[in-house]
Amino acid sequence: FGRRVSDEPLLPFIREQSARCRAGEPGSACVLRDRAGPAVAGLACWRPDPLWSSTVILDLYCHPAWWHRTPDLLRSLATPPGLSVVAYADTTHGAKRTALAAAGFIPSGVLPRSLPAAPGGPAIDVAIFSRTATALAS
């Protein structure tokens with residue numbers, strides 16, 4: 001009910017990043033920007049997995065014209081040492097799957113018909129990728 005600010009869901013994340021910065025810790029998010037302007041071309045961030053304490057979940061998005069720059073984005077994103085990293089991709093999203101494989105992620109399974117592609121739409125298969133590393137750059 002009532003009004004909502006469009007960036008309200010991101011505020012806790014922004015506060016967390018600010019706290020990490022103040023504490024001298026590396027951030028858990030990186031942004032890929034177009035040098036020709038202020039546009040955000042890609043975003044990568046990790047968060048602890050709520051079920052497995054030794055795992056973080058990587059969220060990765062790029063504008064369709066910028067997937068080729070994903071390696072630059074992932075090299076800038078350090079993950080906590082010694083933790084496994086898990087990422088998910090629509091099985092038909094070739095650019096994302098290629099980017100994850102190029103960053104050393106290994107296809108680890110498929111969740112069949114587990115996510116609707118659009119509200120009320122048919123469910124799609126989701127690929128699981130994993131990597132054990134101290135940083136995505138290694």
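**Close-up views of a predicted model**

**View 1. The face of helix α3 turned away from its buried side carries the exposed residues T98 and A102.**
Two words to learn right away: buried means under 20% relative accessible area and exposed means over 50%, with partly exposed in between (1.4 Å probe, protein chains only). Helices and strands here are DSSP runs, numbered from the N terminus: H or I with at least four residues for a helix, E with at least two for a strand. What you're looking at is a predicted model, in which local features need pLDDT of at least 70 and side-chain atom pairs count only at pLDDT 80 or more, while totals for chains, interfaces and linings use all residues. Residues are numbered from 1 along each chain as its sequence is written, and side-chain values use heavy atoms, with hydrogens and water left out.

**View 2. Here's the buried side of α3, made up of K96, A99 and L100.**
Because these three cover an arc of only 95° around the axis, they end up on the same side of α3. (The arc is taken from the directions that run from the helix axis to the C-beta atoms.) The helix itself spans residues 94-102. Its buried residues pack against β3 (55-62), α2 (70-75), β4 (84-90) and β6 (123-132). Follow the chain just past α3 and you hit G104, which takes a positive phi of about 90°.

**View 3. Step back to see the whole chain, with its three helices and six strands.**
Starting at the N terminus, the elements go α-β-β-β-α-β-α-β-β. The chain has 138 residues, and 31% of them count as buried. Now think about contacts, meaning heavy atoms within 4.5 Å. Looking at contacts with a separation of 6 or more, 49% come from residues 24 or more positions apart. On the outside, the chain exposes about 8,800 Å², and carbon and sulfur atoms supply 60% of that. Accessible areas come from the Shrake-Rupley method with a 1.4 Å probe, and for residues only the protein chains shown count as cover.

**View 4. Time to look inside: the largest nonpolar core has 24 residues.**
A nonpolar core is a set of buried Ala, Val, Leu, Ile, Met, Phe, Trp, Tyr and Cys residues joined through side-chain atoms within 4.5 Å. The residues with the most contacts inside this one are A44, L58, L60, L73, L100, F105 and F129. Two or more core residues come from each of β1, β2 (40-48), β3, α2, β4, α3 and β6. Strand β3 gives the largest share, four residues. Zoom in on F129 and, leaving out residues up to four places away in sequence, its contacts include V85, L100, F105 and P107.

**View 5. On the surface, V31, V40 and L43 form a nonpolar patch.**
Patches are built from residues with over 30% relative accessible area and no salt bridge; like charges are joined within 9 Å, and nonpolar side chains (Val, Leu, Ile, Met, Phe, Trp, Tyr) within 5 Å. Together, the three residues have about 250 Å² of accessible area. V31 sits in strand β1 (residues 29-33), and its 48% relative accessibility makes V31 partly exposed.

**View 6. Meet a little network of salt bridges joining R69, D72 and R75.**
Side chains of opposite charge can pair when their charged atoms come close. The rule used here asks for a side-chain nitrogen of Lys or Arg within 4 Å of a carboxyl oxygen of Asp or Glu, and the count comes to four salt bridges. D72 pairs with R69, with the closest N and O atoms 2.6 Å apart. D72 also meets R75, at 2.5 Å from N to O. R75 and D72 both belong to helix α2, three residues apart, or about one turn of the helix. Shared partners link R69, D72 and R75 into one network. R69 is partly exposed at 27% relative accessibility, D72 is partly exposed at 30%, and R75 is partly exposed at 49%.

**View 7. R20 and E25 make another salt bridge, at 3.5 Å from N to O.**
R20 is buried because its relative accessible area is 16%, whereas E25 is partly exposed at 40%.

**View 8. T79 lies in the loop between α2 and β4.**
With 6% relative accessibility, T79 counts as buried. The C-alpha atoms of T79 and R47 are 9.3 Å apart, though 32 residues separate the two along the chain.
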